[in-house]
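Me: I'd love a close look at one part of this protein, with the charged pairs as the main topic. Could you walk me through it?

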Amino acid sequence: MRPLIPSETALVLGGGGAKGAYEIGAIAALEELGIRAGSVYGTSVGALNAAMYAQGDMQAAEALWESLQLKDVISAENASIADDVENLFDHPEKLLEFITRYAQQKGVDISPLVSIMQRTVREEAVRRSTVRLGLVATRFPSMAMVEKRIEEMEAGSLNDWLVASASCFPIFPMKAIGGDRYIDGGFCDNTPVEMAVRSGARHIIAVDIGKHRSHSQYDRRPNVTYIRTSHPLGGLLTFDPALSARNRTLGYNDTMRAFGQLRGTHYSFDPVDAQALFGRAQDFVIRLTQTEAGLRRGNAITRKETAAPFFSLLEEELPPRADEIDYFLRACELCAQIAEVNPAQILTFSALRDELHARLPLEKAESMLGSLLGGRVGVLFAPPQIDRRLVISCLYYLLQREGTLFPLAMHTLSAFPREMLCALTLQAIL
């Protein structure tokens, strides 16, 4: 791949409210890699981060996100809106009630957010910058997308356009500019990749933090590096310094992984340590292939075969042309997810093994082995809810004892393929 040339490279930052801290971590990774974009485009909170990137002041951006709280964004009397926002997305049928409640007030008081923008964004510095800035807003009521570049904005209007791009109606009030009203650009394009394309960018780095994926058609374009959050980042208005710190780490790790500096899909593994796993990974893939082959039973008439339950689970998230290490690490990640291993860290294989030993109820599972072999499987699925960590631990010990996919495990496989795959993976890990 040809090197990224600053004048030709565009950085695209998506909208997502409090999740914007993730983008700060992503930018830190890009700077560490020596990648500096010649243009930056953003929507909503991505537009605010883009403006700070354009003015060349990421230290101020980092300081802002280290301490940002809800009271710094909306007035104290509107703080309860945070719960309503999350309920709105979980219960869209309540949209009319929500709009009625807040539209009568013309949105909540966002004067604290406006003050932040005025303190942190210096329009003169943005206009002098060699990094070109663009943002997206939505004209109301036509709902037409408006792409606005810094050179197209009237002098002194940058902060107005930043507010317009982030006016998440009906939560936030509309923004009036030049006789028109605007609401959040996310209604039209939450991650403005195509604005970068239309602006002439040859290489694009897109950071998508939205609840729903934007522009999936660009995932595999050779001139687009598309960075999508590997784990949930919290709610739109969950402004919490501890969560922001965790999300910055995730943004950094995900970006390093996107540029091949770390291995993994949802977790981040040290690349040198991961490469040393090749022999173990190769044995794992071969064993999994043999296990699935033993499950298939063709029909002489229809020639239909049962699906591949394990590889299909792994390949849901793996990129094309994944190697044995990718497959093995993805299986390790499934175990880590069930064990609730912290994703905001860089793992070595030994560290992962220690985490799984500490987080899985292995001793309890081993003590239950006799009951399970005696047919008392119900103990695994007792109410109020299934303990998935206990399930994979028990299946692991059953596999250790029997050495194969015994009848009990075969029955379990149809209902819990992910847990069965994790049990097989634990054999290669522990």
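How many residues apart in helix 15 are arginine 359 and glutamate 355, and what separation is that in helical turns?

Reply: Happy to take you through it, with the reminder that this is a predicted model. Arginine 359 and glutamate 355 are four residues apart in helix 15 (residues 349-359), which means that about one helical turn separates them. The two side chains form a salt bridge, and their closest N and O atoms are 2.9 Å apart. Their surroundings can be read from the accessibilities: arginine 359 counts as partly exposed because its relative accessibility is 33%, while glutamate 355, at 18%, counts as buried, the cut-off for buried being under 20%.

For a pair that links two helices, turn to arginine 388 and glutamate 419. Their side chains meet in a salt bridge with an N to O distance of 2.6 Å. Arginine 388 belongs to helix 18 (residues 388-402) and glutamate 419 to helix 20 (residues 417-429), so this salt bridge ties together parts that lie 31 residues apart in sequence. Here too the arginine is partly exposed, arginine 388 having a relative accessible area of 36%. Glutamate 419 is buried, with a value of 6%.

Next comes a pair with the burial arranged the other way round. Arginine 149 forms a salt bridge with glutamate 152, and the closest N and O atoms are 3.8 Å apart; the limit for a salt bridge is 4 Å. Arginine 149 has 15% relative accessibility and therefore counts as buried, whereas glutamate 152, at 40%, counts as partly exposed. Both residues also take part in a network of salt bridges, in which Glu147, Arg149, Glu152 and Arg198 are linked. To put these pairs in context, a search of the whole structure finds 21 salt bridges.

While you have the model open, there is a helix contact to view as well. Helix 3 (residues 58-67) packs with helix 10 (residues 241-258) at an angle of about 135°, and their axes are 7 Å apart. That angle makes helix 3 oblique to helix 10; angles have to be over 145 degrees to count as roughly antiparallel. Helix 3 brings Trp65, Glu66 and Ser67 to the contact, and helix 10 brings Pro241, Ser244 and Arg248. By character, the residues of this contact divide into two nonpolar, two polar and two charged.

Terms used:
Residues are numbered from 1 along each chain as its sequence is written. This is a predicted model: local features need pLDDT of at least 70, side-chain atom pairs count only at pLDDT 80 or more; totals for chains, interfaces and linings use all residues. Side-chain values use heavy atoms; hydrogens and water are left out. Axes are lines fitted to C-alpha atoms, for helices over the stretch in contact, and angles run from 0 to 180 degrees between N-to-C directions. Angles under 35 degrees count as roughly parallel, over 145 as roughly antiparallel, 65 to 115 as roughly perpendicular and the rest as oblique. Contact means heavy atoms within 4.5 Å. Ala, Val, Leu, Ile, Met, Phe, Trp, Tyr, Cys and Pro count as nonpolar, Asp, Glu, Lys and Arg as charged, and the others, Gly among them, as polar. Buried means under 20% relative accessible area, exposed over 50%, partly exposed in between (1.4 Å probe, protein chains only).
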